[in-house]
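Visitor: I have a structure to go through and would like to talk about its inside. Can you put it up?
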Amino acid sequence: MKSLSKHYLRNYGAVAGLAFFALVALVALLGPLLYSQSPWMIVARPMLLPFTDMAHPLGTDMLGRDVLAGLIYGARVSLTVGLVATGVALSVGVLVGAVAGYAGGLIDDALMAVTEFFQTIPQLVMAVLVVAILNPSLYSVVGAIALVSWPPVARLVRGEFMSLREREFVQAAVVIGQRPSRIVLTQILPNAMSSIIVMGSFMVATAILTEAALSFLGLGDRNQMSWGFMIGAARSVIRQSWWLSIAPGVAILMTVLAINLIGEGLNDAFNPHLRRRGE
């Protein structure tokens, strides 16, 4: 662990990404407490220019709502959706991939057939269909994103398990009579966790982008302010008030970039070939 931290800290881009993501997480947790202005409340005249009134430093939207309040509350929604949807997708993907990779045979064929079926449908299209069929809410958005995100995890875990189950330490565990569930949990899964963690970091960024796309299309939770909703609401006045789209757009860009930098740093730290190349 100490060696991994050392190699991660050598990657300045990854450290910068982690610092920015920590700042966004801090804003999501503490922002509503420190900046209690509701993002739905009309507080000033519509389309107030940024930095003209320091009570509303980023100006107001077309209805007179505080843009900064929208960014702060939107951070909470984006991170919540990204982390929860990724957690659900990883849980399902790891379960399916572990069973398929360790059991093999007909079980593997059946599970991979289901996985390939989900992969044949474009992710955003399936997410739009699921949310449109269900009542658009935070729960349906999380469920839709998780539904379209688990197949790549399942395929990755299956490949890792198929490779690791042939290793000597796994065969030794089989010989001494350990149960398959114990072998999976104590012998194989810990050795596959590095790949799962790296993929999970990238999945958080993808989930945030997908949530923004759904909210932009009007399929997000109407009771929750989000960055995608802010961009979608401002598109009709983008020529007159371009900053209304720029502010949440930059927030999405920087957050996704930070998470991708974290993922690259984790990949470099966990991958021994990349570590040796950087030394």
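Visitor: What is the volume of the largest cavity?
Guide: This is a predicted model, and in it the largest cavity has a volume of about 120 Å³.

Visitor: Which residues are closest to its centre?
Guide: The lining of the largest cavity has 13 residues, and the closest to the centre are Asp61, Arg65, Val67, Met225 and Met230.

Visitor: And which helices each supply at least two residues of that lining?
Guide: Helices α3 (67-103) and α9 (227-234) each do so. The largest share comes from α9, with four residues.

Visitor: How does the lining of the largest cavity divide by class?
Guide: Nine of the lining residues are nonpolar, one is polar and three are charged.

Visitor: OK, how many cavities of 30 Å³ or more are there?
Guide: The structure holds three of that volume or more. The second largest encloses about 40 Å³ of space.

Visitor: What lines the second largest cavity?
Guide: Its lining consists of Val77, Leu138, Val141, Glu211, Ser215, Gly220, Asp221, Gln224 and Ser226. At least two lining residues come from α6 (138-164), and at least two from α8 (180-216).

Visitor: What about the classes there?
Guide: For the second largest cavity, the lining has three nonpolar, four polar and two charged residues.

Visitor: Changing topic: where is Thr86?
Guide: Thr86 lies in helix α3.

Visitor: Does Thr86 count as buried or exposed?
Guide: Thr86 counts as buried, because its relative accessibility is 5% and buried means under 20%.

Visitor: What is Thr86 in contact with, leaving aside neighbours within four places in sequence?
Guide: Thr86 then has contacts with Val81, Gly200, Met203, Val204 and Ala207.

Visitor: Next, Gly93. Which helix is that in?
Guide: Gly93 is in helix α3.

Visitor: Why does Gly93 count as buried?
Guide: Gly93 has a relative accessibility of 0%, so this residue counts as buried.

Visitor: Which residues does Gly93 touch, not counting those up to four places away in sequence?
Guide: Gly93 touches Trp150, Val153, Ala154 and Val157.

Visitor: Last one: how far apart are Gly93 and Asn11 in sequence and in space?
Guide: Gly93 and Asn11 are separated by 82 residues in sequence, and their C-alpha atoms are 29 Å apart in space.

Methods. Residues are numbered from 1 along each chain as its sequence is written. This is a predicted model: local features need pLDDT of at least 70, side-chain atom pairs count only at pLDDT 80 or more; totals for chains, interfaces and linings use all residues. Side-chain values use heavy atoms; hydrogens and water are left out. On a 1 Å grid over the protein atoms alone, a cavity is a set of points where a 1.4 Å probe fits but cannot get out, and a pocket is an open set with protein on both sides within 12 Å along at least five of seven lines; lining residues have an atom within 4 Å of a point. Grid points are joined across faces, edges and corners, and a volume is the space filled by probe spheres set on the points. Ala, Val, Leu, Ile, Met, Phe, Trp, Tyr, Cys and Pro count as nonpolar, Asp, Glu, Lys and Arg as charged, and the others, Gly among them, as polar. Buried means under 20% relative accessible area, exposed over 50%, partly exposed in between (1.4 Å probe, protein chains only). Contact means heavy atoms within 4.5 Å.
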